[in-house]
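Colleague: I have just opened this one and would like a walk through it. Could you take me round slowly?

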Amino acid sequence: MTRRPLCIESKVVERIDRLGPQSTDTIYRCAVNRETAYSTYFGEQSRDLTYRIQKTERLLESFEPFRKKVQLTIFPDRPYLYRVQGQHIFIGQKLLEAPGHLEKALAKIWYRERNDSLFVQQDLMEEVFTDFLVYLDLGDLDIGDPDTRLKTALRKVKWPFVLKSVAAYCDSPWKQSEHFALCQDKAEAAHELNQQVVEMSLRPLLVTSWVNAYRQLTMKERFEFTQNLPQLLRAEHSEPLPIVGSAEALMSNTALMKAAEAIKNVNLFVSKTNAIKDSETHRLFLSNFTNELRMNGFHDAFAEASFDVLYVSQGPLTEKSKVLQQFMKIAKAQPKLQMAVRDGVNLWMLPSRYPVPVKSFGQIKSVRTVVEKCGGYNFSYVMDYAEETEKLLVVDHCDAKKEIQYSRYLSEGAEGFGAQNKGTAFVQFHLPSLLMKKAELEQVSNVFEFIQKRDVESPSFKSLGWREVHWSEQANAYQPKAFVDAIEWFRMPN
């Protein structure tokens with residue numbers, strides 16, 4: 001049975017094929033006026049496809065027309081396939097039906113027609129740039145996961161929390177469209193994506209910062225900025241873009257160092273362009289973009305991860321460890337606090353349940369650090385943390401069956417910890433103050449004995465300058481009043 005040929009009202013998409021198990025359905029651009037057999041699938045879907053294609057091509061051609069026509073092939077039996085090759089889009093039906101992926105593919109073709117710059121972070125730059133084009137097209141960045149129904153919503157992200165393991169990346173709606181099929185097999189993905197996951201983890205941080213920088217422009221400035229996009233892609237750069245990673249990053253084993261270099265190179269792509277260097281709007285955008293990255297935690301200490309609270313476990317942790325589950329629950333209840341839990345091998349940037357290897361980080365710092373230790377220790381043990389934290393809470397924990405609670409410590413500090421954990425010995429140190437007296441305290445072999453004895457004739461004890469020791473009924477612990485706040489709170493073992 002034949003009817004009036006179905007077609008796509010498009011200036012750009014020349015042909016769409018759907019490769020079914022028994023036959024291939026085809027429709028053409030209406031202007032081609034080509035006879036085709038009637039397709040039930042395209043009879044139902046052509047209107048929606050036309051709307052999506054027209055909307056995207058109108059936006060992109062308002063900046064600059066496509067140079068060549070595009071062909072689209074749909075695969076019902078390979079639902080997660082996604083490949084953009086030349087002017088040809090190969091896409092699985094599930095990804096086609098999910099929002100944003102078709103629009104993203106068209107944006108990638110438009111981008112590649114104009115981008116003459118080759119550099120080491122080319123794939124990441126393409127993702128960021130085409131995400132921005134999709135944002136302009138859809139009014140938000142809603143690229144959906146057909147299984148979870150989650151979308152790449154633009155929301156605040158923080159450095160270095162944005163870094164992911166392969167497993168976390170595959171569970172995220174921010175994974176590349178090209179990686180949906182691969183992520184169906186987590187074991188294969190762990191092998192294939194191990195070298196790419198660091199860069200691709202940066203996508204939400206860079207895209208959110210880029211979009212927020214754009215939003216801060218006036219309407220007139222936004223128009224000028226978007227009209228300059230083709231020039232930005234074609235531009236030569238006043239400082240050559242790196243084709244390979246720096247020797248420092250290549251030799252480094254830290255993911256943080258490699259991620260930091262990737263961000264710097266993306267910024268270099270935008271900032272060192274010759275074509276629009278005289279554009280006041282572009283300079284304003286660049287300033288906004290750099291400031292957004294800084295506000296999201298990306299500073300000059302590129303290989304440093306910084307947290308509000310860090311718990312350090314002396315033994316190995318798993319996802320089922322009670323202390324990790326406790327901090328996970330606290331992190332979800334207090335999303336503004338940047339919390340992490342680590343053991344000797346892995347670090348969990350909460351509330352993510354997927355760890356990142358500790359060796360990925362050049363340096364890990366925190367405002368407050370918590371460690372649990374059984375038995376005595378000296379001041380050298382405490383001062384080993386001096387380069388990593390401002391406040392150190394050392395908890396005396398010898399009974400493995402006894403669970404220490406930390407929710408009030410995070411909201412009320414050491415006083416809250418003491419009130420919540422009656423009978424548990426602890427000391428909270430202020431390490432910058434303690435360092436001032438490092439030489440005088442080096443000879444102390446046991447901190448608890450030193451505090452309990454309080455030998456006022458000892459030069460070591462005198463160095464702390466304790467005037468009085470205040471007992472807090474609420475905390476059931478002592479708070480020294482001193483000239484040097486090296487020890488802020490303590491409770492002695494029973």
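Modeller: Let me begin with terms: helices (H or I, at least four residues) and strands (E, at least two) are DSSP runs, numbered from the N terminus, and two strands pair if DSSP finds at least two bridges between them. This is a predicted model, in which local features need pLDDT of at least 70 and side-chain atom pairs count only at pLDDT 80 or more, while totals for chains, interfaces and linings use all residues. Residues are numbered from 1 along each chain as its sequence is written, and side-chain values use heavy atoms, with hydrogens and water left out.

Colleague: OK, and which residue stands opposite Arg15 in β3?

Modeller: That is Tyr28; the two strands concerned, β2 (residues 13–19) and β3 (residues 24–29), pair in the antiparallel sense over five bridges.

Colleague: What sheet do six strands form, and in what order?

Modeller: They form an open sheet with mixed pairing, in the order β1-β3-β2-β4-β6-β5. Its edge strands are β1 (7–8) and β5 (82–85), each of which pairs on one side only.

Colleague: Stepping back, how many helices and strands does the protein have?

Modeller: There are 21 helices and 16 strands, and the C-alpha trace spans about 100 × 50 × 40 Å along its principal axes. Of the 494 residues, 54% count as buried, where buried means under 20% relative accessible area, exposed over 50%, and partly exposed in between (1.4 Å probe, protein chains only).

Colleague: Which residues touch the most other members of the largest nonpolar core?

Modeller: They are Ile16, Phe129, Trp159, Leu202, Trp210, Phe379 and Phe429, in a core of 128 residues. Helix α12 gives the most to this core, with ten residues. Apart from it lies another core, of 26 residues, among them Tyr311, Met328, Val370 and Tyr409. A nonpolar core here is a set of buried Ala, Val, Leu, Ile, Met, Phe, Trp, Tyr and Cys residues joined through side-chain atoms within 4.5 Å.

Colleague: Now α13, please. Why does its length agree with what is expected?

Modeller: Helix α13 (residues 280–295) has 16 residues, which at 1.5 Å a residue should span 22 Å, and its end C-alpha atoms are 22 Å apart, so the two agree; the expected span is 1.5 Å times one less than the number of residues.

Colleague: And which of its residues are buried?

Modeller: The buried residues of α13 are Thr281, His282, Phe285, Leu286, Asn288, Phe289, Glu292 and Leu293. Seen down the axis of α13, they fall within an arc of 165° and so line one face of the helix, the arc being that of the directions from the helix axis to the C-beta atoms. They pack against α8 (203–215), α9 (219–227), α10 (229–234) and α12 (255–271).

Colleague: Switching to Asn446, is that residue buried or exposed?

Modeller: Asn446 is buried, with a relative accessible area of 19%, and is found in the loop between α19 (438–441) and α20 (447–453). Leaving aside neighbours within four places in sequence, Asn446 is in contact (heavy atoms within 4.5 Å) with Gly376 and Tyr377.

Colleague: What does its side chain reach at 3.0 Å?

Modeller: The side chain of Asn446 reaches the backbone nitrogen of Glu449 at that distance, and a polar atom of the same side chain lies 3.0 Å from the backbone nitrogen of Phe448.

Colleague: Last one: how many bridges join β14 to β15?

Modeller: Six bridges join β14 (residues 466–472) to β15 (residues 477–482), and the strands run antiparallel. They form a hairpin with four residues between them, where Asn476 in the turn has a positive phi of about 55°.

Terms used: Polar contact = N/O pair within 3.5 Å; in protein donor to acceptor, adjacent residues only side chain to side chain.
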